[in-house]
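Visitor: I would like a close look at a single part of this structure. Please take me through it slowly, and then show how it sits among the rest.

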Amino acid sequence: MSAIAVQVNHYLTWSPAKIKAFRQTLLTWYDQNGRDLPWRRNQEPYHILISEIMLQQTQVQTVIPYYHNFLQHFPTVQALAAAPEEELLQVWSGLGYYSRARHLQQAAQQIVQDYGGVWPQTAAGLADLSGVGPYTAGAIASISFKEAVPAVDGNAFRVFARLLEIDLDIAKPQTRSIFAAIIQQIIDPDRPGDFNQAIMDLGASYLTAKNSDPAHSPVRDFDASWQAGTYEDYPVKTKKAKPVVQQYYVLALHTPSGWLLSQRSSRELLARLWLFPLLAVAKINDTKPAASSGVTEQPIVLPPAAFKKALTTIQLQKIQVEFQELTGIAVVWRDPTLKIVKHVFTHRQWQLKILTGELTTTPSLALFPGKWFTEADLTNGAIPTVQRKIMQELSQNN
DNA sequence: GAGGCGTGGGC
DNA sequence: TGCCCAAGCCT
């Protein structure tokens with residue numbers, strides 16, 4: 001017997017009759033209490049794909065307006081495949097994890113160009129699409145094509161960890177295949193899409209991560225951790241590291257043509273989006289001589305009080321020099337506020353001190369890959385939330 | 001396999 | 001406030 005089969009037998013002790021009863025109970029509850037969500041109105045694989053990608057690590061109520069707007073802009077897989085990247089990122093602006101948008105478009109291009117517009121109809125085939133992993137492939141295959149495969153997301157991990165008291169660490173990649181094999185035995189082969197979505201609704205209602213209510217869950221009779229009083233111990237999940245602090249000066253230059261923004265490179269955080277130029281605080285405040293041995297020094301992080309303090313004339317001059325070397329533009333920078341804008345990503349925390357500069361004529365951008373943004377451009381552009389937050393701080397400061 | 005990758009909400 | 005969480009995938 002394979003190692004996975006051993007694990008399945010260890011955790012899944014339900015009889016065939018109990019499995020049948022579970023399906024019946026779950027789907028009866030789902031038929032009466034399932035959520036009415038926009039992407040549940042039909043089973044178009046294009047619609048399901050869009051919703052599933054947007055829902056990755058993102059809450060339902062956040063996704064709903066983006067889902068409608070996205071389909072308005074790109075009604076078909078052909079339209080998405082042909083869209084300019086700039087428009088794609090505009091429509092995705094604010095939703096986060098922007099590589100999802102680029103992979104989604106690549107998937108659309110695969111469908112149109114490689115498959116002649118014909119969708120793969122199995123999870124294995126769908127998983128070849130860019131940005132489609134095991135969860136999303138299972139979701140589309142089961143919902144759109146009725147393949148009896150599990151869709152193992154955070155809800156499925158949590159629900160089945162509690163029902164079966166599975167004490168495997170769900171943060172470890174190898175755990176997924178155990179859960180998938182267990183759920184494969186339980187999934188309703190006649191209604192796999194509804195089964196998977198019912199598990200998600202269960203995980204979003206009675207069996208939530210916090211403040212769960214297993215006592216009133218429709219499947220409480222199948223819930224071993226509820227009966228044992230151990231449900232708060234499941235699922236087992238190791239913690240991730242805290243975000244690293246990074247400090248930057250934000251160089252907000254305004255001219256008659258608007259604000260100067262630069263496009264982030266493809267390799268850095270917020271890739272391909274537009275943001276005020278940033279200057280690492282370490283570059284201005286590191287007074288040590290350059291490392292002679294080629295050893296990379298630890299980036300310095302100023303204590304909060306020092307970072308908040310008004311900039312000295314020397315610091316402002318150094319910033320002016322750095323900005324001029326970068327862009328060819330001479331600007332006298334002002335430090336109009338003692339506030340720090342904080343923005344937290346999954347693995348980094350940015351602390352930002354905003355500097356402003358004003359020019360009465362628009363300089364040339366020959367040296368610098370930047371663009372002038374009017375207020376309207378900022379509203380509609382491919383702009384990350386941190387840029388909108390900075391703009392809000394600037395307008396409050398006026 | 002561990003780390004990179006956004007944002008908003010809840011307590 | 002700081003932390004965890006929310007329909008993960010890619011490298």
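Guide: What follows begins with one hairpin and one side chain in it, then turns to the salt bridges and the DNA contacts.

The model is a predicted one. The part to look at is the hairpin that strands β5 and β6 form, with three residues between them. Strand β5 covers residues 341-344, and strand β6 covers residues 348-358. The two pair in the antiparallel sense, over four bridges. One residue to find in this pairing is His343, whose bridge partner in β6 is Trp350.

Now consider the two faces of β5. In a regular strand, side chains alternate between the two faces of the sheet. In β5, Val341 and His343 make up the covered face, while Lys342 and Val344 make up the uncovered one. His343 therefore has two entries in this account: it belongs to the covered face of β5, and it is bridged to Trp350 in β6.

Strand β6 also holds Lys353. Is this lysine buried or exposed? Its relative accessibility is 0%, so Lys353 counts as buried, the limit being under 20%. Its side chain has backbone oxygens to meet. A polar atom of that side chain lies 3.0 Å from the backbone oxygen of Lys308, and the side chain reaches the backbone oxygen of Lys309 at 3.4 Å. Leaving aside residues up to four places away in sequence, Lys353 touches a list of residues that includes Tyr248, Tyr249, Val250, Phe307 and Leu311. Asp335, Thr337, Leu338 and Ile340 are also among the residues that Lys353 touches.

Next come the salt bridges. Side chains of opposite charge can pair when their charged atoms come close. One such pair involves the loop between α16 and β5: Lys339, in that loop, forms a salt bridge with Glu393. The closest N and O atoms of this pair are 3.4 Å apart. Glu393 is in helix α18 (residues 385-397), and the pair links distant parts of the chain, 54 residues apart. Glu393 has 14% relative accessibility and counts as buried, whereas Lys339, with a relative accessible area of 44%, is partly exposed.

A search of the whole structure finds 11 salt bridges. Another of them joins the side chains of Asp201 and Arg35, at 2.7 Å from N to O. Asp201 lies in helix α12 and Arg35 in the loop between α2 and α3, so this pair ties together parts that are 166 residues apart in sequence. Asp201 counts as buried, at 2% relative accessibility, and Arg35 counts as partly exposed, at 31%. Asp36 and Arg41 also form a salt bridge, their closest N and O atoms being 2.9 Å apart; both of these residues are exposed.

The last topic is the DNA. Of the 22 residues around DNA strand B, those that come nearest are Tyr98, Thr346, His347, Arg348 and Thr385. Arg348 falls within the residue range of β6, 348-358. By class, the surface near DNA strand B has eight nonpolar, 12 polar and two charged residues. Of the strand's atoms within 4 Å of the protein, 62% belong to sugar or phosphate, and the rest belong to bases. A base nitrogen of DNA strand B lies 3.0 Å from a backbone N or O atom of Gln57. Sugar or linking oxygens take part too: one lies 2.8 Å from a backbone N or O atom of Tyr97, and one lies 3.5 Å from a polar side-chain atom of Gln59.

Methods. Residues are numbered from 1 along each chain as its sequence is written. Chains are lettered from A and ligands numbered from 1 in the order in which they are written. This is a predicted model: local features need pLDDT of at least 70, side-chain atom pairs count only at pLDDT 80 or more; totals for chains, interfaces and linings use all residues. Side-chain values use heavy atoms; hydrogens and water are left out. A residue is near a molecule or strand if one of its heavy atoms lies within 4 Å of it. A polar contact is a pair of N or O atoms within 3.5 Å; within protein, one must be able to donate a hydrogen and the other to accept it, and residues adjacent in sequence count only if both atoms are side-chain atoms. Ala, Val, Leu, Ile, Met, Phe, Trp, Tyr, Cys and Pro count as nonpolar, Asp, Glu, Lys and Arg as charged, and the others, Gly among them, as polar. Buried means under 20% relative accessible area, exposed over 50%, partly exposed in between (1.4 Å probe, protein chains only). Two strands pair if DSSP finds at least two bridges between them. A salt bridge is a side-chain nitrogen of Lys or Arg within 4 Å of a carboxyl oxygen of Asp or Glu. Contact means heavy atoms within 4.5 Å.
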